[in-house]
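Visitor: I have a chain open here and would like to go through its architecture with you. Could you put it on the screen before we begin?

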Amino acid sequence: MGKIRFIHTADLHLGSPFTGMKGLQKEQWKKLKDSTLDAFDKLIDYAVVEQPDFLLIVGDIYDGEDRNIRAQHRFQLGMERLQKAGIPVVISYGNHDHLSGKWTRFELPDNVHVFGPAVSQIKLSTENGEVVITGFSYGERHIKQAMISSYPPAENQEQFHIGMLHGSMEGETAHAVYAPFTKEQLLRKNYDYWALGHIHMRQELHREPSIIYPGNIQGRHTGEAGQKGFYDVMLSKQETVLSFVPVSVLQFDHLMVPCSGLVHMNEVLEACREVASHYAGRNGAAIVELKFVNIDAETAELFKEITEDDLIETVREAIEADEEFVWVRSISVEESATHLPLSPFGEQIIHTMKEWNTHDWKEVLNDLYRHPKGSRFLDTLDSQAIEELQDGAVQKIRRGMQIEES
């Protein structure tokens with residue numbers, strides 16, 4: 001048997017609403033709103049040029065069970081382009097776009113093979129051998145049972161065997177646990193490749209056979225920082241060669257602004273412009289959180305004299321003057337840079353908050369996450385989200401509850 005070549009992607013989240021992004025200019029907002037769709041178009045462009053044997057999409061094609069109609073139309077057009085290029089597509093639906101949702105139906109072309117709610121197999125013929133792909137789509141939003149037990153082991157080693165599974169490893173705490181599995185369970189199936197989805201961070205859980213999360217194709221918040229994309233996979237019975245292909249059209253990230261020796265606000269703004277310009281030159285458009293670091297007493301006085309809202313508005317104007325699409329979502333000041341002592345009550349609040357565990361945070365935010373309309377726009381309350389919430393709260397407390405010098 002020779003080599004087969006395929007694209008492994010997952011978690012497209014087409015039609016993400018990007019809620020909570022305020023203050024963007026009209027063109028910036030359009031670029032953000034269209035970012036998942038544009039990243040998807042780049043994926044299709046790549047496939048049409050490179051002509052892989054097939055393409056796998058492992059769950060959460062759409063961001064919501066209602067399947068945004070514009071996103072569905074863009075997806076259908078992409079599938080039609082792949083049909084004209086003679087490229088088969090195998091897809092499974094995940095917890096975000098499960099089969100029990102209600103949406104306006106689009107008919108996909110016949111090159112697209114869709115898994116149903118039960119584990120089943122799809123066979124594809126390539127020039128270098130037959131491929132057996134095993135998987136399932138979520139029949140409902142919450143699949144808590146271990147679906148891996150229904151995957152049949154690979155017996156005919158004259159075929160390539162690929163498993164598609166949208167789920168998480170047992171013990172995973174950063175994301176909601178759906179269709180749990182262990183690495184040992186996957187390896188016992190004797191498949192040649194495991195194409196995973198659900199976790200938005202690119203991960204390689206095992207090599208030979210490869211067990212891979214490609215991550216999502218476009219970051220949606222600062223917890224999904226850096227370049228996003230998919231894998232171009234060259235697979236033989238002897239080895240797996242993975243090539244990561246970035247397609248995200250804008251980055252979410254955290255940027256540090258060194259402030260040592262800066263005593264005037266124009267110097268601070270120039271430092272922000274330099275950091276943003278350098279980042280944009282390497283990575284393109286971005287939405288960032290700025291953190292001022294290496295702050296001495298004189299610089300701390302500058303920050304004490306300006307409100308947070310005025311500071312962020314002024315920084316945005318300074319960066320936009322360079323015509324770079326680097327939009328500052330938030331600003332924080334290095335904790336060690338606090339110049340004045342906190343009030344005892346402020347210290348007590350911070351100490352109490354830092355003792356909270358995940359359960360405590362869920363208790364505090366219970367009403368917000370149970371809101372019937374607003375909760376659907378909130379990200380999972382994982383360790384990353386909790387860290388960001390805590391950092392933001394500490395910054396506000398330190399800025400607002402200091403003891404003034406007499």
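Visitor: In which sense do E13 and E14 pair, and over how many bridges?

Guide: Strand E13 and strand E14 (residues 286-293) pair in the parallel sense over eight bridges, and within that pairing Asp253 has Val288 of E14 as its bridge partner. Two strands pair if DSSP finds at least two bridges between them, and both helices (H or I, at least four residues) and strands (E, at least two) are DSSP runs numbered from the N terminus. Before going on, I should say that this is a predicted model, in which local features need pLDDT of at least 70 and side-chain atom pairs count only at pLDDT 80 or more, while totals for chains, interfaces and linings use all residues. Residues are numbered from 1 along each chain as its sequence is written, and side-chain values use heavy atoms, with hydrogens and water left out.

Visitor: What sheet does that pair sit in, and which strands are at its edges?

Guide: The pair belongs to an open sheet of three strands, ordered E13-E14-E15, with parallel pairing. E13 (251-258) and E15 (326-333) are the edge strands, each pairing on one side only. Neighbouring strands of this sheet are turned against each other by 25 degrees on average, direction ignored; axes are lines fitted to C-alpha atoms, for helices over the stretch in contact, and angles run from 0 to 180 degrees between N-to-C directions.

Visitor: Take Leu255, then. Buried or exposed?

Guide: Leu255, which is found in strand E13, is buried, with a relative accessible area of 7%. Here buried means under 20% relative accessible area, exposed over 50% and partly exposed in between, using a 1.4 Å probe and protein chains only.

Visitor: And what does Leu255 touch?

Guide: Leaving out residues up to four places away in sequence, Leu255 touches Val275, Tyr279, Val288, Glu289, Leu290 and Lys291, where contact means heavy atoms within 4.5 Å. The C-alpha atoms of Leu255 and Ala276 are separated by 8.0 Å, although these residues lie 21 apart along the chain.

Visitor: Ala276 makes me think of H5. How does H5 cross H7?

Guide: The axes of helix H5 (residues 265-283) and helix H7 (residues 308-320) come within 9 Å and cross at roughly 55 degrees. H5 and H7 are therefore oblique to each other, since angles under 35 degrees count as roughly parallel, over 145 as roughly antiparallel, 65 to 115 as roughly perpendicular and the rest as oblique. Met265, Leu269, Cys272, Arg273 and Ala276 of H5 make the contact with Leu311, Thr314, Val315, Ala318 and Ile319 of H7.

Visitor: You listed Cys272. Why is Cys272 not bonded to Cys259?

Guide: The sulfur of Cys272 is 6.8 Å from the closest cysteine sulfur, in Cys259, and that is too far for a bond, because a disulfide is taken as a pair of cysteine sulfur atoms within 2.5 Å. A search of the whole structure finds zero disulfides. Cys259 counts as buried at 0% relative accessibility, and Cys272 counts as buried at 1%.

Visitor: Other helices now: at what angle do H2 and H3 pack?

Guide: Helix H2 (residues 35-50) and helix H3 (residues 69-84) pack at an angle of about 5 degrees, with their axes 10 Å apart. That makes H2 roughly parallel to H3. Among the residues that meet are Leu37, Phe40, Ile44 and Val48 in H2 and Ala71, Phe75, Met79 and Leu82 in H3.

Visitor: What about the sheet of six strands, what order does it have?

Guide: That open sheet has the order E5-E6-E7-E8-E10-E9, with mixed pairing, and its edge strands are E5 and E9 (203-206), each pairing on one side only. E5 (residues 120-126) and E6 (residues 129-135) run antiparallel and are joined by seven bridges, with Ile133 in E6 as the bridge partner of Ile122, and a hairpin joins E5 to E6 through two residues. E9 and E10 (residues 210-213) pair in the antiparallel sense over three bridges, where His206 has Ile211 in E10 as its bridge partner.

Visitor: And how many helices and strands does the chain have?

Guide: The secondary structure comes to eleven helices and 15 strands, and of the 406 residues of the chain 49% count as buried. Among contacts between residues at least 6 apart in sequence, 72% join residues at least 24 apart.
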